[in-house]
Number of protein chains: 2
Amino acid sequence: MMARLNMRELALKLGVDRATISRALSSDKAHLVAPATRERIRQEAFAAGYRPDLTAAALRRGRSNTIGILVSDLGNETFIEVIRTIFRYLDKRPGEASLTPLIAETLDQPDATRRLIDTFLSRRVDAIISLASTEADTPILQQAAREVPVVLAIRSIAGAVFPSSLCDDRAGGAMVATHFAERGHKVVCQVQGPPLSATFKNRALGFSEVCAARSIVEMPQRIFAENATSAAGKRALDAMLGMSPRPTAVFAHNDALALGVIEAMRHRGLRYPEDLAIVGFNNTHLSRVLAVPLSTVDYPVEDVSRHAGELVRNLIDNPSYRFESRLFVPSLIVRASS
Amino acid sequence: MMARLNMRELALKLGVDRATISRALSSDKAHLVAPATRERIRQEAFAAGYRPDLTAAALRRGRSNTIGILVSDLGNETFIEVIRTIFRYLDKRPGEASLTPLIAETLDQPDATRRLIDTFLSRRVDAIISLASTEADTPILQQAAREVPVVLAIRSIAGAVFPSSLCDDRAGGAMVATHFAERGHKVVCQVQGPPLSATFKNRALGFSEVCAARSIVEMPQRIFAENATSAAGKRALDAMLGMSPRPTAVFAHNDALALGVIEAMRHRGLRYPEDLAIVGFNNTHLSRVLAVPLSTVDYPVEDVSRHAGELVRNLIDNPSYRFESRLFVPSLIVRASS
DNA sequence: CTGTTAGCGCGTTCAC
DNA sequence: GTGAACGCGCTAACAG
């Protein structure tokens, strides 16, 4: 391993002071250095392979230019898409330093959030975005929020006021129920995601409200999937087939669950939408590719991510920024499955 | 935002020296502190909400306890699984500090690798694991390797010697061809992944070698998918149906490509394996869930990840460690599709 | 077993 | 427009 060049050594080599190098390489104070020396320094620094030590800079500045992103499941396409979009948004903009994301996965395990947030804070992240919050995490997040800005995205927490960027899941669920009503379904059913996430609670609520209002019979089916697709889907289908009256349409709380139901139907020789109409949630890549493409609710990934990014930037720059939490409206995409 | 407590303030409060606190809270030097004071310090530190500043520790130690992980596509289930496994392996073991991963995605864009590696090095990662290397990246990686250990996983680079932990993709391809031979197929075909990754080159090579040796006709089909599944799969199927003689079996270089082919078959009313036998690669969750489950090559994720983790740990502890690159053998899982 | 001292590499403030 | 000096928070080395 080669020893790294530091600023002092580079300064010695160029015959200037360290401070001049620091200024010349910075984006905000570069104008203080004479153009000629500035260019010389930049070129020589590059040629010498000089790399500023960001851990030292972080210590001196009191800002690390990192943000912590907490996610429940890295295998979930939607989360990945949000991470990507946030990252693109936070990455180098002209004149500003880019923020490096620290990504961590909770898998919805109870202690994970505490441990990972602890790590984030010890690493002096400038802000935290949580896409993984459950109500059990409220105290931890509130505690963290006393040290750095904490922003919620995708998943809200009832009864706690964090700056947040969310999808109106209740509206999404309502859209699906309305769609079923318009198609003339009289008996319907939900395959719900794990209720420790407010996301799924709200989808269920919105759906049920519309069913009640339009006198649709909603069978009280409670499926609690973890990450499972096939397993939960199969169980769900079995349960549905045993119901009386038997539902003619099902709302799966995400595309993965929908896929599970579909696969189970295939095993039994049932077809959708003829035997059972089905609608998912998220507009996953998979939903577009299926032989009979899946109707699904399109998640406003771009909006949610951009606003989360904006919240973070603004709150880092000014901790007492008067933020505005936002709720973005999803849209129903009707395909052949319903 | 509340001001954070630092070590000096805590020391003042407890009436001990900062060094004692440092030792008491460390895992390797805790034995130097009297058990009574050690416990008192730990409890008081916890009660006061003290959090050591890891950026400062990194500066002082010359080690950040972070590692950079470079991946081509976060949407790929196998990569995610590898990241998870490596993380589990590098996470807190008794008596050692845990390593925080910095994760970055290249999307196989040419400049991305350089920029992201630059960021890693500036952030003083203790090592880099690349799951995203293409041959264009060799110089960048070699340069990085002069500063920190660089380990390759999943994707190798021809002609460059980095410590690596790989799957024997050539053997995997060969297994598939052998399987086709045993099933009596005479004319076969491949749907290849993008050839800038050695992974796919080797799968193709192993497959072709066996075909040649066993006098199977391999149609010279060259499909170059990016991340596409349905698109590339459809094109592939169209091309295959136009071939003469027409292949009776196809080897898709990963499960996503296989899914694309399968969906295209459904659109045309073709069935597998009757009309066309198909084998994928990776043993993705999806392959198990399909109505007709997909034969596939099981990727030795656990082995590859663990060895990559071991390489990193050992090389960090001792840069001149005599490492051993390893090649793990995949295994063919025959299901109903072939 | 504990305290003292020094310095990791950088960015800022204050001189000039 | 540039240089000198200081200190961010921590840990290693050395005393005692």
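How many nonpolar, polar and charged residues does the surface near DNA strand D have? We'll get there in the last view but one; the answer is eleven nonpolar, four polar and ten charged. Keep in mind that everything below comes from a predicted model.

**View 1. Two copies of one chain, turned about an axis.**
Start with the two protein chains. Two copies of a chain are related by a rotation about an axis and a shift along it. Here, chain B lands on chain A after a rotation of 180° with 0.1 Å of shift along the axis, and the RMSD is 0.2 Å. The two copies are therefore related as by a two-fold rotation axis. Both copies use the same surface, too: 100% of the contact residues of chain B turn up again in chain A.

**View 2. Where chain B meets chain A.**
Now zoom in on the interface. On the chain B side, 51 residues touch 51 residues of chain A. Together the two chains bury about 5,100 Å², and 54% of that area is on carbon and sulfur atoms. Which residues of chain B lose the most area to chain A? They are Arg51(B), Arg123(B) and Arg124(B), which together make up 16% of what that side buries.

**View 3. Charges and polar pairs across the interface.**
Stay at the interface and look at the side chains. There are 14 salt bridges between chain B and chain A. One of them joins Asp73(A) to Arg84(B), with N and O 2.9 Å apart. Polar contacts link 28 residue pairs across the interface, counting pairs with both residues at pLDDT 80 or more. Several elements of chain B give at least two residues each to the side that touches chain A, including helix H5 (77-90), strand E2 (100-105), helix H6 (110-122) and helix H11 (255-267). Sorted by class, that side of chain B has 22 nonpolar, 14 polar and 15 charged residues.

**View 4. The protein around DNA strand C.**
Next comes the DNA. Around strand C sit 25 residues, and the closest are Met7(A), Arg18(A), Tyr50(A), Arg60(A) and Asp17(B). Of the strand C atoms that come within 4 Å of the protein, 59% belong to sugar and phosphate. As for class, the surface near this strand has twelve nonpolar, four polar and nine charged residues.

**View 5. Holding on to the phosphates of DNA strand C.**
Both chains show up here. From chain A, a polar side-chain atom of Lys29(A) is 2.9 Å from a phosphate oxygen of strand C. From chain B, Ala34(B) places a backbone N or O atom 2.8 Å from a phosphate oxygen, while Thr37(B) has a side-chain N or O atom at 3.3 Å from one. Helix H2 (18-25) and helix H4 (54-61) of chain A, plus helix H2 (18-25) and helix H4 (54-61) of chain B, are the elements that give two or more residues to this surface.

**View 6. The protein around DNA strand D.**
Here is the surface from the opening question, with its eleven nonpolar, four polar and ten charged residues. Of the 25 residues around strand D, the nearest are Met7(B), Arg18(B), Lys29(B), Tyr50(B) and Arg60(B). Sugar or phosphate provides 65% of the strand D atoms within 4 Å of the protein, and bases provide the rest.

**View 7. Phosphate contacts along DNA strand D.**
Which residue has a side-chain N or O atom 2.7 Å from a phosphate oxygen of strand D? That's Lys29(B). Polar backbone atoms join in as well: Ala34(A) has one 2.9 Å from a phosphate oxygen, and Asp53(B) has one at 3.1 Å. H2 and H4 of chain A and H2 and H4 of chain B each supply at least two residues of this surface.

Methods. Residues numbered from 1 in each chain as written. Chains lettered and ligands numbered in written order. Predicted model: local features only at pLDDT ≥ 70, side-chain atom pairs only at ≥ 80, totals over all residues. Heavy atoms only, no water. Near = heavy atom within 4 Å. Polar contact = N/O pair within 3.5 Å; in protein donor to acceptor, adjacent residues only side chain to side chain. Helix = DSSP H or I, 4+ residues; strand = E, 2+ residues; numbered from the N terminus. Nonpolar A, V, L, I, M, F, W, Y, C, P; charged D, E, K, R; others polar. Least-squares fit on C-alpha atoms with pLDDT ≥ 70 in both. Contact = heavy atoms within 4.5 Å. Buried area = accessible area lost by both parts, 1.4 Å probe. Salt bridge = Lys/Arg side-chain N within 4 Å of Asp/Glu carboxyl O.
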